[in-house]
Amino acid sequence: MIPTLRVNNLAKSFGGLRAVSGISLEVCPGEVLSVIGPNGAGKTTLFNCLSGVYQPNEGEIVLERRSIRGLAPHIICRRGLSRTFQNIRLFGEMTAKENIMACQVRLEKPLPWDVLFRTPQFFRREKASEDEALNLLRMVGLEKEEETWARNLPYGFQRRLEIARALATKPRVLLLDEPGAGMNPNEVSEISNLICQIKKMGLAILLIEHHMKVVMDLSDRIVVLDHGEKIAEGTPEEIRNHPAVIAAYLGKEN
């Protein structure tokens, strides 16, 4: 199977600090690839390079056979890579439905006179946009919260809304940066079920998550980082028993 996203020898430095060094990975349609490692291992830096927040110093990032290295985040998003963030970044004074509608990728831009004169074409587009947003809200279990301001949603609901908003861009690759952070066990279980549902849609998913049960249950493969370098890659069972992974998390014996 041809990878949806291929990363080759990616590196990012901040002054004299090598935050990410020589990272290579691939993720295919309908696959969950988890990226794990101790705090400071370079996981979020990797995501920031892939999504255009940071510009890498070296390496290739290829999305569906087209290079996206060096492109601005909004262009990368339009090319088909979307993400969530460890710290929630919703539009607090917009409703749940409006948050999703604001992020929809529209293939046709409305003509100025359609917007100005509220033509039938304008209302048809708005209705289609609203229907799509409501479908995504139903998918993430927030259909009853469509008119609730995002800032008034419970924390777990805000996490789900962030995922729905990322899906509104119609990605082929979805980067999830700690979607279970700060959640209770029931909420984590619900997020895990949602990720399974998204996987069945055929998306390629890169996941950063500290809940190891979630990682082991959801992942097809796992990449382990330590001090910005990849130290292991394999199935959950292979990673669970890998000596380098055990050493990175627990420390090496003297």
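## The sheet

In this predicted model, six strands make up an open sheet of mixed pairing, and their order is β6-β7-β8-β3-β9-β10. The edge positions belong to β6 (81-83) and β10 (229-234). Each of these two has a single partner strand, so one of its sides has no neighbour in the sheet. From one strand to the next, the twist averages 20 degrees.

Within the sheet, β3 (residues 32-36) pairs with β9 (residues 221-226). The two strands run in the parallel sense, and four bridges join them. For I36, the bridge partner in β9 is V224.

## Helices on the sheet

Helix α1 (residues 43-50) packs on this sheet. The strands that α1 touches are β3, β6, β7 (173-177), β8 (204-208) and β9. The direction of α1 makes about 145 degrees with that of β8.

Helix α7 (residues 185-200) also packs on the sheet, where it touches β3, β7 and β8. Between the direction of α7 and that of β8 the angle is about 155 degrees.

## Cysteines

A disulfide is a covalent bond that links the sulfur atoms of two cysteines. How many disulfides does the structure hold? The number is zero.

Why does C28 form no such bond? The closest cysteine sulfur to that of C28 is in C196, and at 18 Å it is too far for a bond. C28 counts as buried, because its relative accessibility is 15%, and the cut-off for buried is under 20%. For C77, the closest cysteine sulfur is in C103; the distance is 7.9 Å, which is also too far for a bond. A disulfide requires the two sulfur atoms to be within 2.5 Å.

Notes. Residues numbered from 1 in each chain as written. Predicted model: local features only at pLDDT ≥ 70, side-chain atom pairs only at ≥ 80, totals over all residues. Heavy atoms only, no water. Buried < 20%, exposed > 50% of the residue type's maximum accessible area, 1.4 Å probe, protein only. Pairing = 2+ DSSP bridges. Axes fitted to C-alpha atoms, helices over the stretch in contact; angles between N-to-C directions. Contact = heavy atoms within 4.5 Å.
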